[in-house]
Amino acid sequence: MGNKYTKRYTEKFRRDAIALVDSSGKTVTAVARELGISSESLRGWYRRAKADRGEGAPGELTSAERDELRRLRKENREQQQTIEILKKATAFFVKESDR
């Protein structure tokens with residue numbers, strides 16, 4: 001969710017901008033200036049594309065790995081909440097059975 005000033009670019013536009021950096025031999029900043037976009041945005045897209053191709057820095061996650069990590073963290077959070085609810089329910093029923 002961005003604010004009203006955040007521009008959204010299509011996936012095709014991003015791919016084309018990355019391809020332009022690869023094929024032109026120009027810097028990311030020069031290509032971004034030509035396209036009228038933020039150099040930091042293009043740099044992030046380019047870095048992510050390199051990681052997805054296996055050309056990223058050692059230990060850098062691909063988009064698929066990042067998505068899986070996000071999913072697993074959410075699943076872990078949900079399971080921790082379920083465990084806490086079950087602990088409370090167990091304590092409640094133990095207390096009720098002692099009456």
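Helices here are DSSP runs of H or I, at least four residues long, and they are numbered from the N terminus. With that in hand, the chain reads α-α-α-α along the sequence. Keep in mind that this is a predicted model.

**Stop 1: the whole chain**

Show the full chain as a cartoon. It has 4 helices and 0 strands. The radius of gyration is 23 Å, well over the 13 Å that the globule rule gives for 99 residues, so the chain is more spread out than a compact globule. Turn on a bounding box along the principal axes. The C-alpha atoms fill roughly 80 × 35 × 20 Å.

Next, colour by accessibility. Of the 99 residues, 14% count as buried. Then look at contacts between residues at least 6 apart in sequence: 31% of them join residues at least 24 apart.

**Stop 2: helix 1 against helix 2**

Select residues 11-24 for helix 1. Add residues 28-35 for helix 2. The axes of helix 1 and helix 2 come within 10 Å and cross at roughly 130°. That angle makes helix 1 oblique to helix 2. The crossing is right-handed.

Now show side chains. From helix 1, pick Phe13, Ala17, Leu20, Val21 and Ser24; they meet Val28, Val31 and Leu35 of helix 2. By class, this contact has 7 nonpolar residues, 1 polar and no charged ones.

**Stop 3: Val31**

Stay in helix 2 and centre on Val31. Is Val31 buried or exposed? Its relative accessible area is 1%, under the 20% cut-off, so Val31 is buried. What does Val31 touch, leaving out residues up to four places away in sequence? The list is Ala17, Leu20, Val21, Ser24, Lys26 and Leu42. Of these, Ala17, Leu20, Val21 and Ser24 also appear on the helix 1 side of the contact with helix 2.

Draw a distance from Val31 to Glu84. The two are 53 residues apart in sequence, and their C-alpha atoms are 52 Å apart in space.

**Stop 4: helix 2 against helix 3**

Hide helix 1 for a moment. Select residues 39-52, which form helix 3. Helix 2 and helix 3 pack at an angle of about 120°, with axes 8 Å apart. They are therefore oblique to each other. Helix 2 passes helix 3 in a right-handed crossing.

On the helix 2 side, show Val28, Thr29, Val31 and Ala32; on the helix 3 side, show Ser39, Leu42, Arg43 and Tyr46. The residues of this contact divide into 5 nonpolar, 2 polar and 1 charged. Val28 and Val31 are worth labelling, as both also take part in the contact with helix 1.

**Stop 5: helix 1 against helix 3**

Bring helix 1 back. Its axis comes within 10 Å of that of helix 3, and the two cross at roughly 80°. Helix 1 and helix 3 are therefore roughly perpendicular to each other.

Select Phe13, Arg14, Ala17, Ile18, Val21 and Asp22 in helix 1. These meet Leu42, Trp45, Tyr46 and Ala49 in helix 3. The contact divides into 8 nonpolar residues, no polar ones and 2 charged. Leu42 and Tyr46 should look familiar: both also sit in the contact of helix 3 with helix 2.

**Stop 6: Ser38, in a loop**

Go to the loop between helix 2 and helix 3 and pick Ser38. At 37% relative accessibility, Ser38 counts as partly exposed. Now measure across to Ser63. The C-alpha atoms of Ser38 and Ser63 are separated by 21 Å, and the residues lie 25 apart along the chain.

**Stop 7: into helix 4**

Move along to Thr62, in the loop between helix 3 and helix 4. Helix 4 spans 63-97. Thr62 has 19% relative accessibility and counts as buried. Leaving aside neighbours within four places in sequence, Thr62 is in contact with Ala51 and Asp52.

Step on to Ser63, which belongs to helix 4. Ser63 counts as buried at 18% relative accessibility. Which residues does Ser63 touch, not counting those up to four places away in sequence? They are Arg48 and Asp52. Asp52 was also on the list for Thr62. Leave Asp52 displayed with Thr62 and Ser63 to end the tour.

Conventions: Residues numbered from 1 in each chain as written. Predicted model: local features only at pLDDT ≥ 70, side-chain atom pairs only at ≥ 80, totals over all residues. Heavy atoms only, no water. Axes fitted to C-alpha atoms, helices over the stretch in contact; angles between N-to-C directions. Parallel < 35°, antiparallel > 145°, perpendicular 65-115°, else oblique. Left-handed = near helix turned anticlockwise from the far one by under 90°. Contact = heavy atoms within 4.5 Å. Nonpolar A, V, L, I, M, F, W, Y, C, P; charged D, E, K, R; others polar. Buried < 20%, exposed > 50% of the residue type's maximum accessible area, 1.4 Å probe, protein only. Rg over C-alpha atoms; globule rule 2.2 N^0.38 Å.
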